[in-house]
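Trainee: Could we go through this structure together, one question at a time?
Mentor: Happily! Have a look at it first.

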Amino acid sequence: MPGPSDPAFDTLALHAGAAPDPATGARATPLHLTTSFVFESSEHAASLFNMERAGHVYSRISNPTTAVFEERVAALEGGIGAIATASGQAALHLAIATIAGAGSHIVASTALYGGSHNLLAYTLPRFGIETTFVKPRDIDAWRAAIRPDTRLLLGESLGNPGLDVLDIPRIAQVAHDAGVPLLVDATFTTPWLQQPFKLGADLVFHSATKFLSGHGTVVGGVLADSGRFDWERSGRFPELSEPYAGFHDMVFTEESTVGAFLLRARREGLRDFGACMSPHTAWLILQGLETLPLRMERHVANARKVVAFLASHPMVAQVGYPELESHPDHALAQSLLPRGCGSVFSFDLRGSRAQGVAFIEALQLFSHLANVGDCRSLVIHPASTTHFRMDDAALAAAGIGPGTIRLSIGLEDPDDLIADLKAALKTAERAAA
Amino acid sequence: MKLDVQGRGAYAYTGGKTWREDGPCVVFIHGALNDHSVWTLLARWYAHHGYRVLAVDQPGHGRSEGPPLASVEALADWVLALLDAANVPSAHLVGHSMGSLIALEAAARAPERAAGLVMVGTAYPMKVSDALLATARDDPDRAIAMVNAFSHSSLASKPSYPGPGAWLRGGSSALMHRIQNDAAGNLFEHDFRVCDAYAGGIEAAGRITCSAHLIVGTRDVMTPAKATKELATVLHATVSRIVSGHALMQEAPDAVLNAVRTAIPA
């Protein structure tokens with residue numbers, strides 16, 4: 001039977017969570033720069049604090065502008081809700097802190113952003129949370145690493161630095177067989193390229209600093225819940241299925257059959273850790289989110305042209321992009337990322353570190369900096385920046401060569417980007433002499 | 001709270017308050033393929049304003065043991081049995097959609113036990129099209145998507161439910177999928193057939209002795225407001241019209257609370 005369904009992605013990107021302002025008629029989402037919200041009465045105040053009514057109290061917990069951003073991301077991901085955070089790192093921390101504590105264990109992919117790896121490998125052990133790292137393609141390793149105290153499996157939709165494609169359906173199955181949720185960092189893909197919930201993931205987070213914003217102006221993060229994971233049935237999450245003395249002995253899984261995780265994350269995590277997103281940041285990211293479908297389509301189209309150019313250039317040893325048959329996850333990418341593999345990738349320049357430096361310094365349009373997902377094209381040479389203390393052997397162990405270059409392809413005319421790369425490659429070639 | 005009702009385990013959410021043995025009581029009854037969690041804001045409000053609250057999971061839904069019961073009449077008897085199990089002599093009966101028919105029938109079967117009747121997002125008859133019934137039978141996921149789209153009138157209902165940051169369409173869809181997937185059979189088709197088959201509404205309305213209140217959504221296309229006229233007349237009901245689709249408690253939680261408060265004062 002044909003019938004109605006929810007609006008399509010492009011429509012949700014513009015409208016989900018936002019309506020003309022009832023107070024002023026403003027069509028665009030207003031920016032509510034206020035710390036707090038007036039109570040109608042003492043009774044009204046009590047009912048808000050006690051979750052008898054929904055509403056805003058204090059902008060660390062919720063804010064009308066920030067809520068539009070949260071609801072829109074949830075809609076685009078196909079989830080039940082989201083929580084905006086001060087950064088992507090704060091989103092990851094909020095996810096972990098909501099369901100794990102001292103004595104808990106995480107299984108994570110080795111192919112992670114360095115900041116995520118630092119948190120898991122060095123910082124969380126200080127708080128009693130251990131992580132076992134596994135190669136993302138080794139499904140048996142994921143399964144074998146799960147312990148009775150495991151609370152979470154974690155991977156990136158496209159992993160750092162080699163764009164390993166996370167086999168979400170299979171890893172989610174491993175997680176669910178053990179009664180554990182799968183959290184996916186979907187920063188590189190955005191929901192336009194892939195909706196991890198549809199593939200079986202339970203939680204998703206983003207560094208909203210990157211493609212969701214697209215403008216390179218603000219730092220932010222967001223954590224979304226699919227509402228599918230049964231926290232009570234799992235038996236591993238007393239934080240959600242037993243009374244919480246910190247909030248009226250609330251049993252979150254009774255309070256909300258599908259929203260227990262987000263309830264606790266907001267009522268405890270934002271309240272106590274406080275890594276909330278500024279409404280100003282939310283407003284700015286919303287401006288970017290409105291054009292996410294258009295931008296991602298262009299990012300991918302530009303990336304494909306640049307990849308094709310580099311893959312055929314004699315100064316380039318290899319390009320690590322999953323749409324190329326040479327990539328180990330080529331087939332998986334065709335299945336899980338049919339719209340494309342994003343616009344962040346690395347390639348290996350033939351030659352020395354010095355030639356890598358020469359290449360970077362010769363670029364005119366590409367900006368040399370430590371970020372990705374900007375509307376402007378970006379470049380970084382790990383061997384001379386983020387990993388400059390490592391010798392060549394250590395670099396190789398990290399999957400990075402002396403000539404490895406990471407690009408984030410922006411929205412410029414691709415012919416101009418290719419011309420810039422061509423000239424810089426020529427300079428690098430000359431630097432060998 | 002767990003209860004034994006008709007020999008099977010039943011669950012009722014008590015609004016975040018420990019159950020006590022006396023005091024006025026409100027029973028909240030959910031609609032098709034839902035559970036108690038569609039009522040939590042209202043349930044918490046009444047539980048913290050002097051009432052005992054029982055927001056039930058119907059048999060075979062959520063935490064209540066199955067099998068699901070085959071008719072509105074059987075579910076009404078189950079509600080009355082639940083009152084017995086909880087040692088509640090009488091209660092305000094509040095139902096949404098299919099749950100409103102159950103509340104109506106229960107109030108008619110035992111008028112002395114109904115302190116008041118509130119029917120939210122209701123219609124009588126609550127007929128379901130043959131095409132939707134067939135889709136519910138053959139492709140429940142598709143039917144859930146359709147009903148979810150039918151049930152929401154907006155892409156931005158504030159302040160959202162259970163609070164800011166919640167995407168209502170996603171939450172409603174996830175709840176229906178959870179209830180359906182946890183059930184032994186096709187609960188979606190079952191619940192819709194229960195709604196469709198109920199034929200005793202006007203007769204039941206004529207036997208009601210308590211006050212009745214209807215709360216309808218002006219944008220509700222599942223149970224359109226105009227489909228309550230005869231019911232409202234026979235019930236001598238007051239009617240609150242709220243700008244909302246069928247998911248009234250989610251789209252307009254404050255307006256629904258205010259309307260319920262006119263029927264069940266704190």
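Mentor: Let's begin with a definition: a residue is buried if 20 or more other C-beta atoms lie within 10 Å of its own. Keep in mind, too, that this is a predicted model.

Trainee: With that definition, what percentage of the 266 residues in chain B are buried?
Mentor: Each residue is tested against the cut-off of 20 or more other C-beta atoms within 10 Å. Chain B has 266 residues to go through, and the buried share comes to 60%.

Trainee: What is the mean pLDDT of chain B?
Mentor: Good thing to check in a predicted model! In chain B, 100% of the residues reach 70 or more, and the mean pLDDT is 97.

Trainee: How many helices and strands does chain B have?
Mentor: You can find both kinds of element in chain B. The secondary structure of this chain comes to 11 helices and 8 strands.

Trainee: Why is chain B said to be as compact as a globular protein of its length?
Mentor: For 266 residues, the globule rule gives 18 Å. Chain B comes close to that value, so it is as compact as a globular protein of that length. Its radius of gyration is 17 Å.

Trainee: At what angle do α4(B) and α5(B) pack?
Mentor: Look at residues 130–138 for α4(B) and residues 140–151 for α5(B), whose axes are 5 Å apart. The angle between these helices is about 135°.

Trainee: And what does that make α4(B) relative to α5(B)?
Mentor: Angles of 65 to 115 degrees count as roughly perpendicular and those over 145 as roughly antiparallel. The angle of about 135° fits neither range, so α4(B) is oblique to α5(B).

Trainee: Which residues of α4(B) make the contact with α5(B)?
Mentor: On the α5(B) side you will find B:P140, B:R142, B:A143 and B:M146. By class, the contact has 5 nonpolar, 1 polar and 1 charged residues. From α4(B) come B:L132, B:T135 and B:A136.

Trainee: Now for chain A: what is its radius of gyration?
Mentor: Chain A has 433 residues, and a compact globule with that number would have a radius of gyration near 22 Å. The value for chain A agrees with this, at 22 Å.

Trainee: Which element gives the most to the side of chain A that touches chain B?
Mentor: Start with the contact itself, where 43 residues of chain A meet 39 residues of chain B. The elements that give two or more residues to the chain A side are α3, β1, α12 and α13 of chain A. With 5 residues, the one that gives the most is α3(A).

Trainee: How are α4(A) and α13(A) placed relative to each other?
Mentor: Their axes are 9 Å apart, and the helices pack at an angle of about 110°. Angles of 65 to 115 degrees fall in one class, and therefore α4(A) and α13(A) are roughly perpendicular.

Trainee: One last residue: is A:L421 buried or exposed?
Mentor: You can find A:L421 in helix α19 of chain A. Leaving out residues up to four places away in sequence, A:L421 touches A:V306, A:F309 and A:L310. Because A:L421 has 26 C-beta neighbours inside 10 Å, it counts as buried.

Key
Residues numbered from 1 in each chain as written. Chains lettered and ligands numbered in written order. Predicted model: local features only at pLDDT ≥ 70, side-chain atom pairs only at ≥ 80, totals over all residues. pLDDT = per-residue confidence, 0-100. Rg over C-alpha atoms; globule rule 2.2 N^0.38 Å. Contact = placed C-beta atoms within 7 Å. Helix = DSSP H or I, 4+ residues; strand = E, 2+ residues; numbered from the N terminus. Axes fitted to C-alpha atoms, helices over the stretch in contact; angles between N-to-C directions. Parallel < 35°, antiparallel > 145°, perpendicular 65-115°, else oblique. Buried ≥ 20, exposed ≤ 12 C-beta atoms within 10 Å, placed from the backbone. Nonpolar A, V, L, I, M, F, W, Y, C, P; charged D, E, K, R; others polar.
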